[in-house]
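Student: I would like to take a close look at the salt bridges of this structure. Please explain where the partners lie along the chain and how far each is covered.

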Amino acid sequence: MYYEEKLKKKKIKYSKYNYATFSNGINTDYDEKLLPVKYASSTYNYCYQNGALKTGLGLKDVEFCYDINDRSKTKTIPIPDGVQVLATYTYRKYFENFGIYIDNFVVYGSDNYLYFFVINDYGTAYFKLYEVEFHSAPMLVNYNYNGTDCVIMATKEDGMYIWDLHGRATKIEGAPDVTSMCMHYERMYVTTGGDARTIYFSDDLNPTNWSQSLNEGGFINLMDERGTSKKIVSFNDCLYVFREYGIDKIVAYADQTQFQVIPLYTSSTMIYTDTIRVCGDRIMFLSNDGIYYFTGLTTVKYNLNINSLFTKNYNDKACASYYNGKYYLACNLDFDDGEVVNCESGSYSNNVLIELDIKTGEINILRGYDIINLQTLNTIIESKLIVVMQDGENVKMGELSTDGCVFGVPTKKVWKSPKSSFGYIGQDKLIKEISLSTASNIDIVIRADDLTKTYHVKGSNKVATLLPNIKAKEIAIDFVCSSGKCNISNPQVTVGYL
């Protein structure tokens, strides 16, 4: 006699996981198979603080508030036809006859001239400094000379000039070929292009006199092999010279016989000049292996978990600014993820803008936009970060925004998880269910072994649920949003073990 044998179905054990909190940002310094899914293997154009993926950084047209009593009154700056903005500056001047300060927004145009615009009045007129043609973006320093606010302008190729918004700009004869400059104890100190390891300084109380004597100007030689002098900075009552591979401290007072040079830091990688910025109680800069801060005594590298993205590129076109407690760095990162985002389809100098909170170390990344100049604007009315962006053959000037759009076009926002085996290496898993909250339409991309599948999810105030039923040994889940505003949170995954 034969008995029918009943087949027993294999029971699948299911577990539900809180998939990601989105609070730890990106980590590219470890193999993705070693990362917990609270980190992203790649992410950009989101703000991923507070445990959710939220609307990221953006750029918008610049508007200046000109009425301190009514912030709704704004104006735009009418750049002359045919002129593209290549760099921006600010200049504040005190008008004694009226007892007021006037804030000027200054742009360097593609026609090699400077244009001055008054910010804090309703007018939109501008002044073009016709008599001085600069063949590269000049350096500008505000200075009170003989009781009058003026601006000192210089490039290595064109020399140094002084101007007070009246009359003609005056060329300062005898000034060295300047590559960077700053005021310190009423002398001007400069690094130069010709004698790249010599620091020159002007006469005391007179930055127009560069004659060399014990009673006038002079120079300081830096005699070691840490490269040329790139930038000089006044910080905490001392001067600091940033060289290609190190930092020197110059103790400088009114009496030049008391000057002293102290080597403080030697770097094994190059320091990028235009990223050096005083940021409150520290000086920030980018080196070839990551972002550092300098306190005046010690140099510390930020552990941002993206150092591997810096080392694949040279960043000689990188630039930076300090705004609202954060260090903003436009540079070139190699994500090595197979993605081509906006400007990356052509030639570019920089492909990201990094926002770094200098106290917490938290970062946000705006990817795919070639930003070539950054300038913090602080007026008596408002503060903002001015951005100059290369867009193909055109150049656009804008200001930092937090609306997830670049000049009205939403950025593509991506958060890619590392591949996970959910604690069971080599065992088959079944991705049974994914649930999450999202206010905007998004794509959820599941990468399971060699399979990639995309699911479209509509934004709602209700929890969205997917039933993929995908089997694999390793799984990664990506969240992609092409809307401006977004808020994605609390993703949960139900996994079955076969």
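Tutor: The following account treats the salt bridges pair by pair. This is a predicted model, in which local features need pLDDT of at least 70 and side-chain atom pairs count only at pLDDT 80 or more, while totals for chains, interfaces and linings use all residues. Residues are numbered from 1 along each chain as its sequence is written, and side-chain values use heavy atoms, with hydrogens and water left out.

A salt bridge is a side-chain nitrogen of Lys or Arg within 4 Å of a carboxyl oxygen of Asp or Glu; by this rule the count comes to 18. One of them joins Lys 301 to Asp 289, with the closest N and O atoms 3.5 Å apart. This pair links distant parts of the chain, 12 residues apart: Lys 301 belongs to strand E27 (residues 299-301), and Asp 289 to the loop between strand E25 (282-287) and strand E26 (290-294). Strands (E, at least two residues) are DSSP runs, numbered from the N terminus. Lys 301 is partly exposed, because its relative accessible area is 33%, whereas Asp 289, at 16%, is buried. Here buried means under 20% relative accessible area, exposed over 50%, and partly exposed in between (1.4 Å probe, protein chains only).

Another salt bridge connects Asp 428 and Lys 473, whose closest N and O atoms are 3.1 Å apart. These two residues lie in loops, 45 residues apart. Asp 428 is partly exposed at 25%, and Lys 473 is partly exposed at 36%.

Glu 382 pairs with Lys 384 at 3.6 Å between the closest N and O atoms. Glu 382 is buried at 16%, and Lys 384 is buried at 7%. Finally, Arg 226, Arg 243 and Asp 248 are linked in a network of salt bridges.

Definitions and conventions. Helix = DSSP H or I, 4+ residues; strand = E, 2+ residues; numbered from the N terminus.
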